[in-house]
Number of protein chains: 2
Amino acid sequence: MMAPTPADLGIAAEIPVFSGLEPQALAILLGPASIFNLRPGQTLFRQGEPAQAFFVVMDGWVKLYRVTPAGDEAVLNVLTRGESLAEAVTFTSSRYPATASAVTPARVMVIPADHVVACIRQMPDVAIAMIASTSQHLHRMVQQIEQLMAQSATQRVAEFLASLAPRTRGPCTITLPYDKSLIAGRLGLKPESLSRVFAKLRMVGVDVRASNVVVRDMAQLCKLVACDRISGHCPVKPKMMCSQPPAPRAIQPEVKSVPA
Amino acid sequence: MMAPTPADLGIAAEIPVFSGLEPQALAILLGPASIFNLRPGQTLFRQGEPAQAFFVVMDGWVKLYRVTPAGDEAVLNVLTRGESLAEAVTFTSSRYPATASAVTPARVMVIPADHVVACIRQMPDVAIAMIASTSQHLHRMVQQIEQLMAQSATQRVAEFLASLAPRTRGPCTITLPYDKSLIAGRLGLKPESLSRVFAKLRMVGVDVRASNVVVRDMAQLCKLVACDRISGHCPVKPKMMCSQPPAPRAIQPEVKSVPA
DNA sequence: GTCATATTTTGAGCTGGATCAATTCCACCG
DNA sequence: CGGTGGAATTGATCCAGCTCAAAATATGAC
């Protein structure tokens with residue numbers, strides 16, 4: 001544990017959770033911050049512990065997960081440089097709902113909760129920034145839930161690969177950011193299943209060799225996300241009353257939102 | 001759409017998202033609030049629309065869900081009296097990540113986003129309250145992800161039932177709060193599967209008749225959550241280095257699936 | 001380099017939950 | 001009361017992903 005270097009503070013200014021803050025405000029906010037150096041496997045905090053700080057990953061990879069009653073672990077996210085953890089809980093003076101540990105050597109900035117609360121009373125912008133960041137996390141979880149509820153393994157893997165690649169159409173080379181077994185966990189799969197999905201993807205021009213992935217055509221990969229043609233899923237179900245079958249139902253009082 | 005009655009304002013004071021606010025602060029915050037009356041099926045907001053307000057359910061049930069590219073819907077939550085929606089997004093001036101619609105006749109309070117932002121600048125406590133509430137939502141999603149990743153259908157149903165019951169041990173009667181098909185969606189199941197799970201639960205003293213559930217022993221139901229003995233799941237996996245390896249595994253009650 | 005360990009892949013088989021297709025149940029209405 | 005339409009149950013079958021087991025491949029220590 002050590003004080004952040006000026007370089008660290010420079011980096012912090014670029015980080016999403018602090019975006020939009022005046023340099024002065026940021027300096028005050030980060031006054032009591034410090035830096036943790038974690039070795040692989042080391043734990044930052046455990047689920048159930050009182051939340052006394054929130055964190056920003058400066059370098060390396062950190063795994064956020066829950067240990068289930070049965071002893072399995074459910075990976076919620078795997079974070080790297082610039083991403084923040086646990087900002088919301090620190091305001092509720094309650095407990096961390098998950099465990100975080102390093103999966104590579106990692107540097108993590110620690111910001112004490114009580115100090116952030118104090119800052120908010122002086123600088124409302126800090127509150128807005130924290131809420132915005134939390135909102136991102138929520139959005140991400142919403143997407144993850146949708147994935148788990150409604151997508152096949154193949155689709156989840158395709159979406160994961162797509163999220164690692166630039167938004168191009170043609171061919172593309174990707175490097176897997178961490179262990180395949182961790183990727184599997186992150187996607188709610190067993191390692192064996194991930195391996196088989198990779199094998200299947202080879203049929204549509206996705207070649208996985210160690211941690212190097214060569215995609216023949218990104219557009220095709222993205223199409224997979226919407227509709228898993230490999231395992232024959234989904235030829236666009238009709239579903240619901242997307243069109244208008246028998247809905248004489250009154251003229252929707254149109255919930256146009258409130259005027260500014 | 002109408003102005004909130006004094007009664008509504010009184011109720012609001014009791015609501016989690018506003019807890020801890022001074023009455024005056026609350027009065028200012030709710031100044032421009034209004035009440036929507038929704039009929040079943042009517043939509044409060046749709047995913048992708050710009051977020052301009054957040055909401056508190058005053059009465060009835062509101063379903064929060066995502067429509068997947070393939071046309072399925074993934075139910076994120078089903079909310080009732082006192083629960084709030086979309087407070088975090090409204091600060092990011094971005095878009096709703098999900099759709100909300102009424103599943104029963106419902107009354108919903110609408111609080112314009114820009115007003116809340118303005119309030120925060122005057123009253124930091126409002127910020128704390130909003131973050132705390134958002135943190136609850138995050139926690140809930142974390143649990144839901146854990147459920148989807150690591151629990152069997154039976155366990156999810158058991159947990160759902162347990163969440164509806166008082167925290168007692170012995171016998172207990174529960175009323176299902178909404179349609180079984182909606183419950184199924186909320187738990188990431190098809191209605192047919194939910195029906196079969198209920199059938200299986202009858203073997204452990206859980207009797208479901210229409211929307212009335214009679215549980216012979218809550219303690220037993222809760223044990224199921226930790227370990228699904230019905231479908232033979234999980235006899236406490238050794239996993240990790242948690243404890244002794246060759247647990248003297250108790251006398252398996254041997255419930256092989258239904259003999260034809 | 002060689003050997004030991006951990007990660008990944010492959011194979012074979014099983015099963016939980018989905019799907020498709022009837023029924024049956026039940027609330028509501030004339 | 002009997003009829004009508006949506007909700008719920010039941011049956012039969014299928015298959016994606018899990019499990020167990022073994023082989024292959026990478027990683028690292030020396």
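## DNA contacts, symmetry and sheets in a predicted two-chain model

The surface near DNA strand C draws at least two residues each from α6 (180-186) and α7 of chain A and from α7 of chain B. Helices (H or I, at least four residues) and strands (E, at least two) are DSSP runs numbered from the N terminus. The model is predicted, so to speak of its limits: local features need pLDDT of at least 70, side-chain atom pairs count only at pLDDT 80 or more, and totals for chains, interfaces and linings use all residues. Residues are numbered from 1 along each chain as its sequence is written, chains are lettered from A and ligands numbered from 1 in the order in which they are written, and side-chain values use heavy atoms, with hydrogens and water left out.

DNA strand C is surrounded by 15 residues, the closest being A:K180, A:S195, A:R196, B:A153 and B:S193. A residue is near a molecule or strand if one of its heavy atoms lies within 4 Å of it. Sugar or phosphate holds 69% of the atoms of DNA strand C that are within 4 Å of the protein, and bases hold the rest. By class, this surface has 2 nonpolar, 6 polar and 7 charged residues. Here Ala, Val, Leu, Ile, Met, Phe, Trp, Tyr, Cys and Pro count as nonpolar, Asp, Glu, Lys and Arg as charged, and the others, Gly among them, as polar.

DNA strand D also has 15 residues around it, and the closest are A:A153, A:S193, B:K180, B:S195 and B:R196. Of the atoms of DNA strand D that come within 4 Å of the protein, 65% are sugar and phosphate. The surface near DNA strand D comprises 2 nonpolar, 6 polar and 7 charged residues.

The table lists polar contacts to both DNA strands (pairs of N or O atoms within 3.5 Å; within protein, one must be able to donate a hydrogen and the other to accept it, and residues adjacent in sequence count only if both atoms are side-chain atoms).

| Protein atom | DNA atom | Distance |
|---|---|---|
| A:S181, polar backbone atom | strand C, phosphate oxygen | 3.2 Å |
| A:S195, side-chain N or O atom | strand C, phosphate oxygen | 3.1 Å |
| A:R196, polar side-chain atom | strand C, base oxygen | 2.9 Å |
| B:S195, side-chain N or O atom | strand D, sugar or linking oxygen | 3.1 Å |
| A:R196, side-chain N or O atom | strand D, base oxygen | 3.3 Å |
| A:S193, polar side-chain atom | strand D, phosphate oxygen | 2.2 Å |

Two or more residues of the surface near DNA strand D come from each of α7 (191-201) of chain A, α6 (180-186) of chain B and α7 (191-201) of chain B.

Chain A superposes on chain B by a rotation of 180 degrees with 0.0 Å of shift along its axis, at an RMSD of 0.1 Å. This is the relation of a two-fold axis. The same surface serves both copies, since 83% of the contact residues of chain A recur in chain B. The superposition is by least squares on the C-alpha atoms of residues with pLDDT of at least 70 in both copies, and contact means heavy atoms within 4.5 Å.

In chain B, 4 strands form an open antiparallel sheet in the order β2-β7-β4-β5. Two strands pair if DSSP finds at least two bridges between them. Strands β2 (43-45) and β5 (73-80) of chain B are at the edges with a single partner strand each, so one side of each has no neighbour in the sheet. Neighbouring strands in this sheet are turned by 30 degrees against each other on average, direction ignored. Within it, β4 (residues 61-67) and β7 (residues 99-102) of chain B pair antiparallel over 4 bridges, and B:L64 has B:A100 in β7(B) as its bridge partner. Helix α4 (residues 124-150) of chain A lies across β4 and β5 of chain B, at about 125 degrees to β5(B). Axes are lines fitted to C-alpha atoms, for helices over the stretch in contact, and angles run from 0 to 180 degrees between N-to-C directions.

In chain A, an open sheet of 4 strands has the order β1-β8-β3-β6 with antiparallel pairing. Its edge strands, β1 (34-38) and β6 (84-85) of chain A, each pair on one side only. Strand β1(A) runs antiparallel to β8 (residues 106-112) of chain A and is joined to it by 5 bridges; A:S34 is partnered by A:V110 in β8(A). Helix α3 (residues 113-122) of chain A lies across β3 (53-59) and β8 of chain A, at about 55 degrees to β8(A).
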